[in-house]
Amino acid sequence: RWTTWGNTPPPVEGDSAVISEGQSVMIDYSPPRFYLIIVMGHLLFDNTININLDCTYIMINFGRFTVGTPEAPYLKKAVITLHGDRLTPEIPVHGAKVIALRHGALDMHGEVRTKTWTHLAATASAGAATIQVRGPVDWRVGEFIVVAPTDYEFLHAEHRMITGITNANTDVVTIQLEYPLDVTHFGERQCF
């Protein structure tokens with residue numbers, strides 16, 4: 001597409017992009033993976049489509065990056081994935097695999113949700129593919145949750161996709177997970 005990047009060809013995988021001061025770029029498709037994006041102008045997501053943005057670094061330097069505003073929230077699905085590993089070079093002061101902000105603005109506003117986190121309503125045992133949480137919740141099938149560790153081992157946080165929801169508007173909600181839990185997560189108080 002030529003419209004997104006002005007009169008230049010669209011980026012290819014591994015490219016870096018600079019949005020200069022005074023320039024406004026609307027991402028209206030899911031571009032190939034970038035290495036670096038420097039925002040000194042205005043980078044915004046088209047709010048009519050789902051967008052995936054893959055990059056190693058995004059540096060907002062006296063610029064603005066907008067994915068929805070309070071007045072016009074982004075109601076589609078936006079996924080920003082930062083790529084790298086422990087050997088990825090760091091931007092001084094900011095780090096690696098980062099959305100860095102220096103004298104600019106980062107606006108990300110989506111659908112207002114009634115509950116973004118809750119507690120387990122019962123202990124979820126290792127091997128369980130369903131969990132019970134305190135409700136009500138407005139979560140949806142296909143969304144991802146993290147079941148936090150309850151044993152002081154931070155590596156026991158488990159990231160799962162929701163594949164089913166029962167009784168979402170009640171005090172106890174049953175959530176079906178894409179695959180079983182690896183460890184036990186306590187839902188009741190433990191007294192020792």
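A salt bridge here is a side-chain nitrogen of Lys or Arg within 4 Å of a carboxyl oxygen of Asp or Glu. With that rule I counted seven salt bridges.

**Ground rules**

I am working on a predicted model, where local features need pLDDT of at least 70, side-chain atom pairs count only at pLDDT 80 or more, and totals for chains, interfaces and linings use all residues. My residue numbers start from 1 along each chain as its sequence is written, and side-chain values use heavy atoms, with hydrogens and water left out.

**Entry: salt bridges**

I began with Asp 107 and Arg 64, whose closest N and O atoms are 2.5 Å apart. Asp 107 sits in strand β10 (residues 105-108) and Arg 64 in strand β7, so this salt bridge ties together parts that are 43 residues apart in sequence. For strands I took DSSP runs of E with at least two residues, numbered from the N terminus.

Next I looked up burial, where buried means under 20% relative accessible area, exposed over 50%, and partly exposed in between (1.4 Å probe, protein chains only). Asp 107 is buried at 15% relative accessible area, whereas Arg 64 is partly exposed at 35%.

Then I followed Arg 160, which forms a salt bridge with Glu 158, the closest N and O atoms being 2.6 Å apart. Arg 160 also forms one with Asp 182, and there the closest N and O atoms are 3.6 Å apart. That second pair links distant parts of the chain: Arg 160 is in strand β13, Asp 182 in the segment after β14, 22 residues apart. Are these three buried or exposed? Glu 158 counts as buried at 4% relative accessibility, Arg 160 is buried at 3%, and Asp 182 counts as exposed at 58%.

I also noted a network of salt bridges that links Glu 111, Arg 113, Asp 138, Arg 140 and Glu 143.

**Entry: strands**

I count two strands as paired if DSSP finds at least two bridges between them. Four strands make an open sheet with antiparallel pairing, in the order β11-β14-β13-β12. Its edge strands, β11 (130-134) and β12 (144-147), each pair on one side only. Neighbouring strands in this sheet are turned by 50° against each other on average, direction ignored; the angles come from axes fitted as lines to C-alpha atoms and run from 0 to 180 degrees between N-to-C directions.

Five bridges join β11 to the antiparallel strand β14 (residues 172-177), and I found Gln 132 opposite Thr 174 of β14.

Earlier in the chain, I looked at parallel pairing. Strand β1 (residues 17-19) runs parallel to strand β3 (residues 36-39), with three bridges between them; Val 18 has Ile 38 of β3 as its bridge partner. Four bridges join β3 to strand β6 (residues 57-61), again parallel, and Val 39 stands opposite Ile 60 of β6.

**Entry: aromatic rings**

My rule: rings of Phe, Tyr and Trp (its six-membered ring) pair if their centres lie within 6.5 Å, with planes under 30 degrees apart counted as stacked, over 60 as edge-to-face and the rest as tilted. How many aromatic pairs does a search of the whole structure find? It finds three.

Tyr 35 and Tyr 57 form an edge-to-face pair, 5.5 Å centre to centre with 80° between the planes. Tyr 35 is in the loop between β2 (24-27) and β3, Tyr 57 in strand β6, 22 residues apart. Tyr 35 counts as partly exposed at 39% relative accessibility, while Tyr 57 is buried at 4%.

Phe 45 and Tyr 74 have ring centres 6.1 Å apart and planes at 70°, so I logged this pair as edge-to-face. Phe 45 is in strand β4 (residues 42-45) and Tyr 74 in the loop between β7 (64-67) and β8 (78-82), 29 residues apart. Both Phe 45 and Tyr 74 are buried, and with Phe 65 they form one aromatic cluster.

**Entry: backbone checks**

Most residues other than glycine have a negative phi, and most peptide bonds are trans. I therefore wrote down what departs from that.

- The peptide bond from Gly 135 to Pro 136 is cis, with omega near 0°; Pro 136 is in the loop between β11 and β12.
- Tyr 152 has a positive phi near 70°, lies in the loop between β12 and β13 (158-166), and is exposed at 85% relative accessible area.
- Asn 167 has a positive phi of about 60°, is found in the loop between β13 and β14, and is partly exposed at 46%.
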